[in-house]
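User: I am a first-year student, and I would like a close look at one part of this structure. Please explain it in connected prose.

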Amino acid sequence: MVIYLVLDMHVHLTEERPDAEWVWSNWPGEGRRGLSAEVFIEKMDACKPRIDKAVVFGLFSLASETPEAMRRDNDYIMRLVEKYSDRFIGAGVVDPSWGEAAIKELHRFVDAGLRVVKMRFSSMHYHANNKAAQRVFKEIGELGVLPVCHSDWTHYSHPLILGDLASMFPDVRMVMQHFGEYLSFDAISVCRKLPNVYVDTSALVLPKNIVRFIEEVSPDRIMYASDTLSVRGGLQPQDALNRVTCLELPKKQEEKVLGGNAVALLKSVGVKL
Amino acid sequence: MKIDVHNHIGVDPAYEEHRTASELVEEMGKAGIDKCVVFPFTTNPDFREQNNVVKEAIDKYRDKLIGFFTMNPRLPEMTDLMYGYKDQGFRGVVTDPRFGEGHESKRFHELVECALVLEMPVWLHSDDKDTMRVYIGPLEALMSKYPGVQFILSSMYYDHVGIATRHKNVYLDTATHMSGGMTAMAVQPVGTHRILMGSNSPYGLLRREVEKIEVMEEFTGFQKSLIYSLNAERLLKL
């Protein structure tokens, strides 16, 4: 029987869109993208172990066509968090390419109560250590909120580039989402040197590197996440849970990865759990 | 029946990983895997010694392990060695651009021609184009030139789906798929008939690979059995 809290650190939720809009934006035969709060809650409840809570943020404004698109996504998330306060912890999306408008949006949603900031530099093809990113991080440091940043093998979101950004702000704790994806050895290398960098397990290709991280870096800076963003296919929460449980970690370690570490980190930036 | 087609034994000098056949067989028992394809770590340049490790393993576990040998296309005696490995019971050849020969080189093509004659699949352990500077053009030219050769494409990350869609003699393994959902996405254009279950152990886990497929509602029972074993049995003439 599971008595500890299971927390998914990485979920994209999206508003339902009219069918006509999907026909316009997707090739015939392509799966419908997007995931509503209600459908994801059903998934959370069906998972073994059940997922108690999730950090949720938008999807379509990771690279925003306008600052308004960012605001629209973040408003949607704030409405969901209000409606499902027992299940969701909200994160606001910031697209740093909008400069001053991005900073303004950051302040707006932090003032409204969100304590987590999602950025995906590969979406707008910005190197994670560029000036615009540094500017957003400076604000994040002053606000005392938690940045969660997508990582991958591109030079925009490469673990070493994210590490360079994190090294400029040693007082800001940052989550390197996806554990570097294919580059999990690079992610470990970065985290070994930088105590302010955490990882989530979503999209990790080599699950044994969870064990390597615990042994070589820290048992306290790694967190379960799914990166669910669609009803079917792609990345799904049960598959992501299996990525952790297949390792048969000692009970205490598994509890920390599945929720304990996330709870401690989120509380440290003022999230009420 | 479950067959995992991507397992390394021997020594990986890059990460100082040592893996024995008995460790693999023990993991197979726990994960419910019936057979595994094994070959050396491609990071180890002393492939003759490492192929010997594989040879000892397949002799010891005849009913469980299927051996592929590693080959460096630069060796002048390459084709003689390949004939010798075939006689020893190896079922396929693994090569990699890290040995210094790109897919466009004459020697690389000769390796593929020899595999064609020996009726062996060619495992392209190619890593990805961004970090290894592997270019897709010469790779696809090779695949077009030898339609009678069955290639197993282990990496190339997102590009592997497009390549397999265009070349019907290409099989994909699941090792680089970060989720079962990613395998399901590859299946739409490629088909389940050319997907092989492969864990890339010891870096991957056998159990994880089974669960990645098992959890996917998109696959029918028959399609799962194709990925679990039927495709490998057909490809390797088991």
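Which residues in helix 3 of chain B meet which residues in helix 4 of chain B? Please begin there and then describe the surroundings in chain B.

Analyst: The model is a predicted one, and the description below should be read with that in mind. In helix 3 of chain B, the residues in question are B:Met78, B:Thr79, B:Met82 and B:Lys86, and their partners in helix 4 of chain B are B:Leu111, B:Cys114 and B:Leu118. Sorted by class, the residues of this contact comprise five nonpolar, one polar and one charged. Helix 3 of chain B spans residues 78-88 and helix 4 of chain B spans residues 106-118; their axes come within 10 Å and cross at roughly 30°. Angles under 35 degrees count as roughly parallel, and helix 3 and helix 4 of chain B are therefore roughly parallel to each other. The crossing of these two helices of chain B is right-handed.

A second pair of helices in chain B may be described in the same terms. Helix 7 of chain B, residues 159-166, packs with helix 8 of chain B at an angle of about 25°, and their axes are 9 Å apart. Helix 7 and helix 8 of chain B are therefore also roughly parallel to each other. Helix 7 of chain B passes helix 8 of chain B in a right-handed crossing. From helix 7 of chain B, B:Val161, B:Ala164 and B:Thr165 take part, and they meet B:Ala186, B:Pro189 and B:Val190 in helix 8 of chain B. This contact has five nonpolar residues, one polar residue and no charged residue.

One glycine deserves attention here. B:Gly162 lies in helix 7 of chain B. Its C-alpha atom is separated by 8.7 Å from that of B:Ala186, although the two residues are 24 residues apart along the chain. A residue is buried if 20 or more other C-beta atoms lie within 10 Å of its own, and exposed if 12 or fewer do. B:Gly162 has 15 other C-beta atoms within 10 Å, and so it is partly exposed.

A third pair is formed by helix 1 of chain B, residues 21-31, and helix 9 of chain B, residues 206-214, which pack at an angle of about 35° with their axes 8 Å apart. This crossing, too, is right-handed. B:Glu27, B:Met28, B:Lys30 and B:Ala31 of helix 1 of chain B meet B:Leu206, B:Arg207 and B:Val210 of helix 9 of chain B. The residues of the contact divide into four nonpolar, no polar and three charged.

Chain B also contains a sheet. In general, strands of a sheet pair through backbone hydrogen bonds, either parallel or antiparallel. The sheet of chain B is open and has eight strands in the order 1-4-5-6-7-8-9-10, with parallel pairing. Its edge strands are strand 1 (3-8) and strand 10 (195-196) of chain B, each of which pairs on one side only.

At one edge, strand 1 and strand 4 of chain B pair in the parallel sense over four bridges, and B:His8 has B:Phe39 in strand 4 of chain B as its bridge partner. Strand 4 of chain B, residues 35-39, is in turn joined to strand 5 of chain B, residues 65-70, by three bridges. The bridge partner of B:Cys36 in strand 5 of chain B is B:Leu65. Strand 4 of chain B is mostly covered, with five of its five residues buried. Both of its faces are covered: B:Lys35, B:Val37 and B:Phe39 are buried on one side, and B:Cys36 and B:Val38 on the other.

At the other edge, two bridges join strand 9 of chain B, residues 170-173, to strand 10 of chain B, and these strands run parallel. Here B:Asp173 has B:Leu196 as its bridge partner. Helix 7 of chain B packs on the sheet, touching strand 8 (151-153) and strand 9 of chain B, and its direction makes about 150° with that of strand 9 of chain B.

Finally, chain B touches chain A: 20 residues of chain B are in contact with 19 residues of chain A. Helix 5 (129-132), helix 8 (180-190) and helix 9 of chain B each supply at least two residues of the side of chain B that touches chain A. That side of chain B has seven nonpolar, six polar and seven charged residues.

Notes: Residues numbered from 1 in each chain as written. Chains lettered and ligands numbered in written order. Predicted model: local features only at pLDDT ≥ 70, side-chain atom pairs only at ≥ 80, totals over all residues. Axes fitted to C-alpha atoms, helices over the stretch in contact; angles between N-to-C directions. Left-handed = near helix turned anticlockwise from the far one by under 90°. Contact = placed C-beta atoms within 7 Å. Nonpolar A, V, L, I, M, F, W, Y, C, P; charged D, E, K, R; others polar. Parallel < 35°, antiparallel > 145°, perpendicular 65-115°, else oblique. Pairing = 2+ DSSP bridges.
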